[in-house]
Amino acid sequence: MQMTQGELISMPERATGAVPVAEAASVPLEREPEEQVSRAPEKSVSLFFSACPFPMAIWRRNADGLFCLDEVNAAAQHFFGPEIQRFLGEDIRTIFVDLPELSGMLERAARENISLHQNLNYPTRTQPARHLRMKFYFIPASYDEVILYCEDKTSGMKSWEERKRAQSRFETLFQSAPVGIYQTGEEGRLEHVNERLVRMYGYQDAEDMELRVADPCELIVDAEQRGVLRRRLMEEDIVRDFECLVRRCNGESFWVSRSVRIAKNAAGQIVSTFGFELDISERKSSEALREEIERITRHDLKSPLNAIVGLSNFMAEDEAFSPDQRENLRLIEHSGNTMLNMINLSLAVYRMERGTYRMEKETHDVFSILREVLFELRNVTGSHDVEIKVLYNGIPAGPECSQPVRGEKLLFWAMFYHLVRNAVEASGSGGVVQVALENEGDFVRLSIHNDGVVPVPVRESLFEKFVTFGKNSGTGFGAYCARLIALEMGNDIRYQTSEETGTTMICLLPAL
């Protein structure tokens with residue numbers, strides 16, 4: 001009965017580990033009486049044959065000059081299963097019809113008296129279908145006898161398949177990444193780009209871009225920026241978030257944030273460059289719009305407000321107006337100043353967020369600023385029916401109290417305004433807000449307490465921008481702004497809240 005290569009591998013597959021030496025003996029196969037062969041391997045060959053932990057077979061020429069399977073060792077039976085004995089006496093070409101290389105190499109080993117080896121893939125017909133990777137060794141014993149043994153390399157094949165799958169997964173991520181990605185070779189030329197980068201620069205496809213772009217730095221519009229990027233890469237090996245104006249293939253320019261890393265070999269030579277690009281054109285447009293709004297706010301709104309404040313103050317000094325009229329003019333002046341503070345504060349917060357704010361450090365009386373804030377909040381406290389008590393070093397603060405602090409008046413005013421207003425709005429009708437100041441040497445400890453409690457859903461995000469809960473008119477900007485100012489002063493705001501004790505905001509103010 002003939003067996004094809006596929007049928008041989010489809011035998012019950014066994015573990016390919018080494019067979020114990022005690023079991024690694026030559027296994028005589030049952031034959032029909034007329035097929036019995038009296039010959040056995042030479043003593044040295046027999047010892048090698050029996051002790052080999054790998055599947056091994058002896059092939060001998062028959063009367064027709066063809067090499068036929070003559071004997072197998074225990075490891076072969078362990079690997080292929082006992083069914084292998086029924087193929088005894090079969091020609092190698094009929095057993096492995098799909099692998100003519102085996103017959104040719106076996107014949108060559110015998111003819112030239114040399115040892116040969118060959119790696120071959122076996123497609124199995126078992127379920128599920130898979131491949132085996134086998135390495136065959138041909139050792140000639142004589143012109144008519146060749147020992148063949150094989151080593152299972154399937155684990156290596158699996159590793160190769162895993163690498164291919166990993167490469168496929170990487171390629172999927174590479175092409176679907178939300179940022180443009182490129183890789184260059186040793187000469188700095190583009191070798192690999194993803195689809196996002198191709199679309200960003202308007203090329204037809206990856207090949208089109210790789211052929212037309214010699215160096216990714218050439219995409220940068222400004223020559224000086226190109227030089228800066230190259231120099232930084234040579235000095236730092238990696239450059240993150242490098243903002244530059246680049247050019248599409250049609251000549252249009254747009255802004256990107258580019259992060260680049262270079263890879264070097266053991267000799268320190270650059271072998272590759274990896275780049276990641278994010279289109280930031282919309283962000284740049286937004287920044288330009290905000291800068292324009294800042295300009296408009298600074299000039300177009302502040303100028304008329306300054307006129308209103310100045311004129312109101314001048315008219316309030318005129319005795320031709322009645323006392324009530326002068327009081328109304330003072331209110332107009334005060335409201336104008338409040339609006340100016342809000343405008344200046346919005347510009348300051350914008351610069352703080354960008355990290356470009358420069359605080360003026362001057363000496364101010366904290367109680368004077370606090371009194372201005374309480375006067376500004378008089379309508380809020382009245383509508384909420386809330387009383388505000390001010391303490392200084394544990395006792396009620398009188399009009400004569402004074403405590404110098406160092407910083408910028410606008411920032412102190414804004415912090416007090418937002419923290420006290422939030423405390424008032426969090427208190428119930430008839431509640432009390434306590435503002436306590438304590439001199440601690442280098443700092444003044446500010447504590448603002450109310451009987452309300454910070455809602456659980458916003459406790460972890462209380463100081464984040466636009467976070468609010470349960471207030472119809474709240475914007476969620478006050479706590480964020482107050483903390484931003486505290487950080488600018490070199491400190492922070494922390495709070496304690498519970499149903500039993502209410503809520504206390506605590507901050508340290510720089511003193512003289």
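Serine 427 makes a good starting point in this predicted model: leaving out residues up to four places away in sequence, serine 427 touches Val386, Val432, Val433, Asn450 and Asp451. Serine 427 sits in the loop between α14 and β16. With a relative accessibility of 7%, this serine counts as buried, because the cut-off for buried is under 20%. Histidine 384 lies 43 residues away from serine 427 along the chain, yet the C-alpha atoms of the two are separated by 8.0 Å.

**Helix α14 and its partner α15**

Stepping back from that loop brings us to helix α14, which covers residues 409-426. Its 18 residues reach 26 Å from the first C-alpha to the last, close to the 26 Å expected at 1.5 Å a residue. Of these 18 residues, 13 are buried, so α14 is largely enclosed by the rest of the structure.

One neighbour of α14 is helix α15, residues 478-488. The two helices pack at an angle of about 145°, and their axes are 9 Å apart. The crossing of α14 past α15 is left-handed. On the α14 side, the residues that meet α15 are Leu411, Ala414, Met415, His418, Leu419 and Asn422. On the α15 side, they are Gly478, Ala479, Cys481, Ala482, Ile485 and Ala486. Sorted by class, this contact has 9 nonpolar residues, 3 polar ones and no charged ones.

**The nonpolar cores**

Which residues touch the most other members of the largest nonpolar core? They are Met415, Phe416, Ile485 and Leu509, in a core of 54 residues. Several elements each supply at least two residues of this core: the helices α11 (323-354), α12 (366-376), α14 and α15, together with the strands β13 (387-392), β16 (432-439), β17 (443-450) and β19 (502-510). Helix α14 gives the most, with 12 residues. Met415 thus appears twice in the picture, both in the contact with α15 and among the core residues that touch the most other members. Ile485 does likewise from the α15 side, as part of the contact with α14 and of that same group of core residues.

Leucine 509 is worth a closer look. Leaving aside neighbours within four places in sequence, leucine 509 is in contact with Val366, Val405, Phe412, Met415, Phe416, Asp442, Phe443, Val444 and Leu446. A second core, separate from the one above, has 28 residues and includes Leu69, Leu99, Leu116 and Leu148.

**Two positive phi values**

Elsewhere in the chain, two loop residues deserve a mention for their backbone. Asparagine 113 comes just after α5 and takes a positive phi of about 55°, although asparagine 113 is not a glycine. The loop that holds asparagine 113 runs between α5 (100-112) and β4 (116-123). Helix α5 itself has 13 residues, which should span 18 Å at 1.5 Å a residue; the end C-alpha atoms are 18 Å apart, so the two values agree. Its buried residues are Leu102, Ser103, Met105, Leu106, Ala109 and Ala110.

Aspartate 237 also has a positive phi, near 70°, in a residue other than glycine. Aspartate 237 is placed in the loop between α9 and β9 (238-247). One of the residues touching aspartate 237 is arginine 232, which lies in helix α9 (residues 223-236). Not counting residues up to four places away in sequence, arginine 232 also touches Val239 and Phe242.

**Arginine 196 and a look at accessibility**

Arginine 196 is found in helix α7, residues 195-201. Beyond residues up to four places away in sequence, arginine 196 touches Ala177, Pro178, Val179 and Gly180. Tyrosine 182 is 14 residues from arginine 196 along the chain, and their C-alpha atoms are separated by 9.9 Å.

The table gathers the accessibility of the residues outside the α14 region.

| Residue | Relative accessibility | Class |
|---|---|---|
| Asparagine 113 | 56% | exposed |
| Arginine 196 | 31% | partly exposed |
| Arginine 232 | 28% | partly exposed |
| Aspartate 237 | 30% | partly exposed |

**The chain as a whole**

How many helices and strands does the chain have? There are 15 helices and 19 strands. Of the 512 residues, 41% count as buried. Among contacts between residues at least 6 apart in sequence, 57% join residues at least 24 apart.

Key
Residues are numbered from 1 along each chain as its sequence is written. This is a predicted model: local features need pLDDT of at least 70, side-chain atom pairs count only at pLDDT 80 or more; totals for chains, interfaces and linings use all residues. Side-chain values use heavy atoms; hydrogens and water are left out. Axes are lines fitted to C-alpha atoms, for helices over the stretch in contact, and angles run from 0 to 180 degrees between N-to-C directions. Helices (H or I, at least four residues) and strands (E, at least two) are DSSP runs, numbered from the N terminus. A crossing is left-handed if the near helix is turned anticlockwise from the far one by less than a right angle, and right-handed if clockwise. Contact means heavy atoms within 4.5 Å. Ala, Val, Leu, Ile, Met, Phe, Trp, Tyr, Cys and Pro count as nonpolar, Asp, Glu, Lys and Arg as charged, and the others, Gly among them, as polar. The expected span of a helix is 1.5 Å times one less than its number of residues. Buried means under 20% relative accessible area, exposed over 50%, partly exposed in between (1.4 Å probe, protein chains only). A nonpolar core is a set of buried Ala, Val, Leu, Ile, Met, Phe, Trp, Tyr and Cys residues joined through side-chain atoms within 4.5 Å.
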